[in-house]
Each structure stands twice: as C-alpha cells, then as structure tokens.
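Visitor: I would be grateful for a close look at a single part of this model. Please take one strand and follow its residues outward to the elements around it.

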Amino acid sequence: MAKIELRHLDCTCDNYVTVEEWGVDTLKVSFYDTTTRRITPLILDKSTAIKFTKTLRTEINKIEN
C-alpha cells in the first residue's frame, strides 16, 4: 500500500493526516496539528478500520447543511 498524505485546511490552521501500512492488515493514521505541533497516531486493524469508516460516513450524512 502506498503512503498517503492528506492536507486539511480549515479556518484556523493547517492539519495533516498521514495514512500508512503498519504491519500485516493494520493501518496507522497520524494526525498532525500544526498549531500545537502534536502528532496523534491511530492504529487500526482491517476490520476496525472498515467499521470506523462506516460509522464516520453515517455521522457525516447526519450533518445538516
């Protein structure tokens, strides 16, 4: 799997998200906050990553414009 870097721009600061393979069937998602200069890692196995994605998608769909 390729290492992916996403850059999220919001009204207050730039934030980076890096996704990379972390062992067999495991992903490491790292959130970097440029304001506080802190990295928060999130390590998920494949089944948890799939469940997390579905839950996140559901919550996004609940947001009203």
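Guide: The protein, seen here as a predicted model, has one helix and four strands. Along the sequence these elements follow the pattern β-β-β-β-α. The strand chosen for the close look is β3, residues 26–33.

A word on confidence comes before the detail. The average pLDDT of the protein is 80, and 78% of the residues score at least 70. Among the elements, strand β4 (residues 38–45) has the highest mean pLDDT, 89, whereas strand β1 (residues 4–9) has the lowest, 59. Where pLDDT is low, the predicted coordinates should not be read in detail.

Three consecutive positions of strand β3 carry the account. K28 has its place in this strand, V29 lies in β3, and S30 is likewise found in β3. V29 counts as buried because its relative accessibility is 13%, under the 20% limit. S30, with a relative accessible area of 12%, is buried for the same reason. K28 is buried as well, yet it has no salt bridge. For the protein as a whole, 17% of the 65 residues count as buried.

K28 deserves particular attention as a charged side chain. Side chains of opposite charge can pair when their charged atoms come close. For K28, the nearest side chain of opposite charge is that of E20, at 4.8 Å. A salt bridge requires a nitrogen–oxygen distance within 4 Å, so this residue is left without one. E20 is nevertheless among the residues in contact with K28; the others, leaving aside neighbours within four places in sequence, are T18, V19, W22, P41, L42 and I43.

The contacts of V29 can be set out in the same way. Not counting residues up to four places away in sequence, V29 touches V17, T18 and V19, and also T40, P41 and L42. The pair V29 and T18 can be given a distance: their C-alpha atoms are separated by 5.7 Å, although the two residues are 11 apart along the chain. S30, with the same exclusion of sequence neighbours, is in contact with Y16, V17 and T18, and with I39, T40 and P41. Strand β2 comprises residues 14–21, and strand β4 comprises residues 38–45. Across the whole protein, residues 24 or more positions apart account for 1% of the contacts with a separation of 6 or more.

The loops at the two ends of β3 each hold a residue with an uncommon backbone angle. Most residues other than glycine have a negative phi. D25, in the loop between β2 and β3, has a positive phi of about 55° although it is not a glycine. R37, in the loop between β3 and β4, has a phi near 60°, again a positive value in a residue other than glycine. D25 counts as exposed because its relative accessibility is 53%, over the 50% limit. R37, at 68% relative accessibility, counts as exposed too.

From β3 the path continues through L44, a residue of strand β4. L44 is buried, with a relative accessible area of 10%. Its C-alpha atom is separated by 5.3 Å from that of L27, and the two residues are 17 apart along the chain. Leaving aside neighbours within four places in sequence, L44 is in contact with D25, T26 and L27, and also with A49 and F52.

F52 lies in helix α1, residues 46–62. With a relative accessible area of 42%, F52 is partly exposed. Together with L56, I60 and I63, F52 makes a nonpolar surface patch of about 390 Å². The accessible surface of the protein comes to about 5,600 Å², of which 56% belongs to carbon and sulfur atoms.

Helix α1 also supplies the counterpart to K28. A search of the whole structure finds one salt bridge. K62 forms a salt bridge with E59, the closest N and O atoms being 3.1 Å apart. K62 and E59 are separated by about one helical turn because they are three residues apart in helix α1. K62 is exposed, with a relative accessible area of 55%, whereas E59 is partly exposed at 40% relative accessibility.

Note on methods: Residues are numbered from 1 along each chain as its sequence is written. Side-chain values use heavy atoms; hydrogens and water are left out. Buried means under 20% relative accessible area, exposed over 50%, partly exposed in between (1.4 Å probe, protein chains only). Lys and Arg count as positive and Asp and Glu as negative; His and the chain ends are not counted. Contact means heavy atoms within 4.5 Å. Patches are made of residues with over 30% relative accessible area and no salt bridge: like charges are joined within 9 Å, nonpolar side chains (Val, Leu, Ile, Met, Phe, Trp, Tyr) within 5 Å. Accessible areas come from the Shrake-Rupley method with a 1.4 Å probe; for residues, only the protein chains shown count as cover. pLDDT is the predictor's confidence in each residue, from 0 to 100.
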